[in-house]
Amino acid sequence: MRALKMSAPLKTPPVFFTLCQVRFNKLLTLADYLPKIQEAFRKAGYPAYSVNYMVVFQMIAGQSGNPENQPVPVTQETYHFGNLKKTHSFVLDAQKLTLQSTMYGCFEDFSSEFMKGMTILNDILDLSFFERIGLRYLDRVIPKYNDSIAQYLVDQVQGVLPVLKGEGIFTYAESMIQKDGVKLCARVLTQNGELAFPPDIQPVDMAIEPRFVAYRGISAVLDNDGFIEQREEFYLPAIETHLVKIHEVISQAFKATVTQYALEVWNT
């Protein structure tokens with residue numbers, strides 16, 4: 001693995017959940033390899049193993065080509081390999097590997113940890129191709145002391161709340177861009193209350209930093225979801241290169257969403 005250029009992380013970054021994922025060729029015999037995979041992750045520092053079952057409904061096309069009236073329930077299994085501190089967890093199913101983290105640190109460390117898991121999987125399964133690589137960051141912007149949330153976010157994502165009288169309930173902003181082959185969906189939700197995850201993310205048995213969970217009040221969740229979709233022959237250095245590229249776009253989006261004042265607060 002090539003050396004990554006280290007960046008200077010913020011001293012108290014607002015990131016509370018990070019996700020990295022690679023989708024690869026479907027593995028219909030994955031269950032046959034689970035003992036070897038579980039043992040390799042255990043030795044790599046992820047001994048907490050569990051299996052989750054989720055029921056999804058699929059529409060089955062009939063002879064006419066139209067979906068039948070009744071959806072068919074299908075049970076999907078996901079295999080979880082977590083560390084003892086409950087801050088990092090690999091999630092595996094028949095078509096993708098995901099690393100979830102509640103203690104991000106910096107991109108270099110996080111991406112290296114993901115590549116460790118990807119290497120384990122490839123050594124055992126000899127993967128053929130990958131077709132989607134994604135990075136996703138969730139940040140909770142919490143105003144400090146007597147600050148207002150408006151001091152932390154640029155005007156473009158605050159809607160009309162700053163100029164209207166009354167108590168704001170919520171503001172939601174979403175943008176989708178494509179840059180240098182990377183697609184990015186950038187979302188900002190500002191509301192009053194406790195920490196809330198997006199509906200499509202359900203962290204299983206993971207420890208969230210107390211500073212994010214304890215706070216009740218006005219805050220904003222920044223949800224930056226970047227990905228590259230293209231089928232390529234499986235090659236670990238190519239995955240690493242794509243991750244660096246996606247991270248650069250997400251970093252630009254983050255810095256374009258928050259104010260210079262916010263960056264100074266998080267760097268003290």
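**View 1. Aromatic pairs across the predicted model.** In this predicted model, the count of aromatic pairs comes to 14. One of them joins Phe-16 and Phe-212, whose rings are tilted, with 50° between the planes and 5.8 Å from centre to centre.

**View 2. Where do Phe-16 and Phe-212 lie?** Phe-16 belongs to strand β1 (residues 15–24), while Phe-212 belongs to helix α3 (residues 210–214), so their pairing ties together parts that are 196 residues apart in sequence. Have a look at the surroundings as well: both Phe-16 and Phe-212 are buried.

**View 3. The edge-to-face pair of Phe-41 and Tyr-46.** Here the ring planes of Phe-41 and Tyr-46 meet at 85°, and the ring centres are 6.5 Å apart. Are these two residues buried or exposed? Phe-41 is buried, because its relative accessibility is 0%. Tyr-46 has a relative accessible area of 3%, so Tyr-46 is buried too.

**View 4. A cluster of rings around the pair.** Stepping back from Phe-41 and Tyr-46, you can follow ring pairs that link these two residues with Tyr-49, Phe-81 and Phe-90 into a cluster.

**View 5. Arginines over phenylalanine rings.** Which ring does the charged end of Arg-132 sit over? That ring belongs to Phe-227, and the charged end of Arg-132 is 4.2 Å from its centre. In a second example, Arg-231 lies over the face of Phe-129, at 4.1 Å from the ring centre.

Definitions and conventions: Residues numbered from 1 in each chain as written. Predicted model: local features only at pLDDT ≥ 70, side-chain atom pairs only at ≥ 80, totals over all residues. Heavy atoms only, no water. Phe/Tyr/Trp six-rings, centres within 6.5 Å; stacked < 30°, edge-to-face > 60°. Helix = DSSP H or I, 4+ residues; strand = E, 2+ residues; numbered from the N terminus. Buried < 20%, exposed > 50% of the residue type's maximum accessible area, 1.4 Å probe, protein only. Lys NZ or Arg CZ within 6 Å of the ring centre and 35° of its normal.
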